[in-house]
Every structure is written in structure tokens, then in C-alpha cells.
Amino acid sequence: MSVQPVMKPETQTAHEHILILDFGSQVTQLIARRVRESGVYCEIWPFNAADESKIKAYNPKGIILSGGPCSVLDKDAPRAPDIVFEMGVPVLGICYGQQTMVKQLGGTVTPGDGSGEFGRAHVDVTDHSDLTTGVWDAGANEQVWMSHGDHVSSLPEGFKIIAKSEGAPFAVIANEDKQFYGVQFHPEVVHTPHGVELFKNFTHEVCGCKGDWTMQNFREESIAKIRQTVGDKKIICGLSGGVDSSVTAVLLHEAIGDQLTCIYVDTGMMRAGESEQVVELFREHYHIPLIHEEAADLFIGKLEGVTDPETKRKIIGGLFIDVFDKCAKEVGKDGEPAAFLAQGTLYPDVIESVSFTGGPSVTIKSHHNVGGLPERMNLKLVEPMRELFKDEVRDLGRALGMPEDFIARHPFPGPGLAIRMPGEITREKLEILRKADTVYLDEIKNAGLYDEIWQAFVVLLPVRSVGVMGDGRTYDYVCALRAVTSTDGMTADYYPFEHEFLSRVSTRIINEVHGINRVTYDITSKPPGTIEWE
Ligand code: XMP
């Protein structure tokens, strides 16, 4: 529903920065996160999106070529723009990126023909280089994560081998005169234990960056930018209870004080205690003007009898905009109306993805936001966090002094509990779900697992099952527990709880939550599942 064209950030060029050219790897975002963790700003551009002059004008301190699903041996295989190797800046090619670098510079790549290395592998370090200095010593044997069929079979002029593995005789290569490096493995994934240090070596030792990207700097720069953009106008910001909109609001308040009004719409489909926490933090603690709109009757009423997931999402999205519109007009009642709408859009929503299939991808779910509002009310969008990853937003929240339990909260979807309740939504079922969810999260926190898990919640199924409690028969709802690990919500693995933990949660839910007599655990990863059930 976003009405404004999504622009790439490209705004932090005052900082040292690295350019990542994406060849379509599933884990390109992890490369960016590792570079940012090393204290250096970076952006991801599709390999074919930028013409040579744009890359030159961007003036990066170094360029990273990502992995990708193609073979460099295919006809019309994606290539790095030639300028990458002509600008005199360091280049690091990862997997496909290494192979295209080798091929473009005159070496050869041999097809895997069905063989390759996938998963954990070990490399023998045979030489020194700036990339590996202080991390891997010559003579060491180091663990890495491989995922390749093709491999490099001869090097371009000026390159030498730094490390090799059984399936990749050129696992790490370097041309130190030109500062070109190639790795066949994936240093960006956690299964390469020293990956973080290798990236730090690339940004600091090879590219000469000092590391000027901190959330403290970002905070100061953003505040100045927000003041300049908003001037003396009014701005509204929708709070969802989630970390992104909360940090956006606190940052804006620090920048422009009471020119900001927050709007919190209670749809009746929030988690237990959510509304109280939001009101307490923003109105009582930060003294930010807040409109708390009780809209449970409206939302639940309009959803009566609706069971189709997309219809639910569309109804909720539409109502949200109506209510928000009404509240936003209230802000302007006694004076000037708001001119700006703030949103907590993050960098993963902004990155253009490389499409090898051509057309746009299918809509799996229509995500709800207040995207229709700027058009209707003639509001301009302010998105102070569109350059940040989720972990950076959390760091920014810390830099702003926000309470840790708010910052570390699991994401919560805009449509709320409505999409955790396949089938019809009723007040009775919402109440059952809220109670079960509270017990589940309580146990997760008691076990010290909350921060290890990206998201955990209960889903109330539209199924009743027969049970026996005491000496009586029960016929109650079934619920599914969901817990996943993820880095960005795009892919996810189910969390491997111990059986003892699961049985403790199951016992507590059945004993304490009237209306549920059977508990299951969802062991589906994403893909093929999605994190939410609808
Ligand atoms: P799925 O279910 O698509 O979810 O795997 C991925 C992440 O997005 C969250 N999610 C939403 N967030 N509005 C939101 O703000 C939505 O409509 C919405 N739907 C899903 C979900 O909780 C997970 O973190």
C-alpha cells in the first residue's frame, strides 16, 4: 500500500562507506550486517542497477561482490561492472563474487558437474594476507561454511593462494598489489566462526576505514536532519507497540519535542497488557502527546464471520487507515494540521532485490500499514530509520535510553492476534489466546530463552478436540506454539526447545487457560511455512 516510490537511502555518504553489489544470494543482507558491525556504513545495490558513473560517484572505500544462484559459466551470466576493477579500490568477491572476479580478470572456473561443497568445511591456510592477518595464521586449519558447485581452477595474473580446501583449491585468493580478494566460502554466516573478524580486516586493514558508523553518531545526525526537514510543522507517528515505531517516536520527540503527536489504535487484538505498556511509556514516562484510540468494538465488529486470511488483512488495513485518519485530523483541530507522517520503515524494506525471473514476486500476504494515509491527507513521509537494520534500531533505542524490555521485544504484526487465529475472530477466542500467549512467553522468559528467539507466540486453532480432565470429558480448542530464530524475518527456523520445556508449557496452558485442552508445537521453517499462520 506504500504510495511513495521506495528510494534507496544513499544518504550517508558523509560516512566512510562500502558498496555491496548483490548477485542474488539469500544471505546478502548478512554481508551488510557484518560490515555495519565492523562500524562501517554500507549499502546493497543490485549488480545491474547502477551504471558505472553512479558507482564512481558513490566513491566507496571498498566493494564487495556477493554470492548468487547463477553459474559464471552460463551464457549471459551476471558480471560485475568493469569499473569495479578499475577504480583502484579494494574488492572482496564472495562465492559467486569470487568466481566472476576471477573470470573477468582472466582466470578460469570449472563446473561442479553435480559435485561441490555444501555446509561445514575446513580450509588449510597456506599464506599471509591483509584479509586474514591476526585472524588466521599460515599453517592453521580453519572451519568455514561452503555452498558451491563450480570452483576456481586457475588464477588471474597477480593472484596467489592464501587458503585451500578439499573441494576448493582456491578457497582464499589475493592480489595484494591491487587489493583484490576472493573467498569461495561464506564469511557472512555464523557457521564461519571467524567471519566477523575477516570482515573487520577487510573494512579496516584492507580498505583503511576507521569505523565512524555508530548509533550515537546516527542519533545526532538524524536529529539535525529531522529538525531541518520538519521545521516548525506538526508530525504524527503511529505506535504499534513494536520496537520500530517506538524508537522512531522517541527519536522524533528528542528532535522536535511536542510538535510530535503519537497515535495508538487499540484494535482489541493486542497482546495482554500491551496498551497499558504503550500508554505508560509514551504518555507517563516520555510525556509525548498521545492519542489512545479505543477501537476494539469497531474492529471486532467488522471482522464478525470473516474467515479468509486476506479478507481479514484487508479489512484491518482499511479500518486502521480510517481510524488513523480521524485521529490525525484531531491533532489539527486546535491549530495547524500535521504536515508529516513518521513511519518506522527499515532498510530491509527498502533494499531492491535482484530478480532473475523477471516479473514481480507474488503477494504472499498483504502487509498492513498506514500507507494510504499520506495521499488522503496530503502528508509527507518521514522515515528516519530507513537506513537501519533491526539490530541497529535496537542499538539506537539503547542510545536513546529506552528501557531494555521494550527494545528487546519480539516483533508483533500490525493485524495483531487476528492473524494468529485461523477462522472466525471472537472476543472469547481472543481472550483464550491472550492468556495462553502470556503463559508461553512467561515460561520462555523464565527459561532465559527470550533473547535467543526472534519471535514466539501462540496460535489458536479453529479445531476442538476431546480430552479428559479429572474424571470428566472436555471438548476444547487446540493451540499451536510457534517459536522461530531468524535474522530478518525473511527466512526462519523453528526453535529446538527441549521436550521438558514443551511439556512444562503444555501443562501450564491446559491447567491455567480455560478453553484449551491440547497443545502442539509447530516445527515448520520458513520457507516453506511463513512465521505467522495467516
Ligand atoms: P511472515 O508471516 O510473512 O512474517 O513470515 C514475517 C514477519 O513479518 C511480521 N508480519 C507483519 N508485520 N504487518 C507487520 O507490521 C503485517 O501485516 C505483518 N504480517 C507479518 C511477522 O510477525 C514476522 O515478524
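An oxygen atom of the ligand sits 2.8 Å from a polar backbone atom of Ile531 in this predicted model. Two further polar approaches to the ligand involve Gly414 and Glu532. The table sets these contacts side by side.

| Residue | Atom of the residue | Atom of the ligand | Distance |
|---|---|---|---|
| Ile531 | polar backbone atom | oxygen | 2.8 Å |
| Gly414 | backbone N or O atom | nitrogen | 3.3 Å |
| Glu532 | side-chain N or O atom | oxygen | 2.5 Å |

The ligand taken alone exposes 490 Å², and 83% of that area is buried by the protein. Its surroundings consist of 15 residues, of which Lys365, Gln455, Lys526, Ile531 and Glu532 are the closest. Sorted by class, this shell holds six polar, five nonpolar and four charged residues. Domain 2 (215-407) and domain 3 (426-521) each contribute at least three residues to the shell.

The protein chain is assigned three domains: domain 1 spans 17-206, domain 2 spans 215-407 and domain 3 spans 426-521. Ile531 and Glu532, both among the closest residues to the ligand, carry numbers outside these ranges, and so does Gly414, whose backbone approaches the ligand nitrogen.

Domain 1 and domain 2 have C-alpha centres that lie 38 Å apart. Their contact takes 16 residues from domain 1 and 11 residues from domain 2. The size of an interface is often given as the accessible area lost when the parts come together. Between domain 1 and domain 2 the buried area is about 1,100 Å², with carbon and sulfur atoms giving 61% of it. On the domain 1 side, Gln29, Arg33 and Arg36 supply 43% of the area buried against domain 2, more than any other three residues.

Which residue forms a salt bridge with Asp391? The partner is Arg33, and the closest N and O atoms of the pair are 3.2 Å apart. Arg33 is also one of the three residues that lead the buried area of domain 1. Across the interface of domain 1 and domain 2 there are two salt bridges and four residue pairs in polar contact.

Methods: Residues numbered from 1 in each chain as written. Predicted model: local features only at pLDDT ≥ 70, side-chain atom pairs only at ≥ 80, totals over all residues. Heavy atoms only, no water. Near = heavy atom within 4 Å. Polar contact = N/O pair within 3.5 Å; in protein donor to acceptor, adjacent residues only side chain to side chain. Areas by Shrake-Rupley, 256 points an atom, 1.4 Å probe, with all protein chains shown as cover. Nonpolar A, V, L, I, M, F, W, Y, C, P; charged D, E, K, R; others polar. Domains from an automatic or database assignment. Contact = heavy atoms within 4.5 Å. Buried area = accessible area lost by both parts, 1.4 Å probe. Salt bridge = Lys/Arg side-chain N within 4 Å of Asp/Glu carboxyl O.
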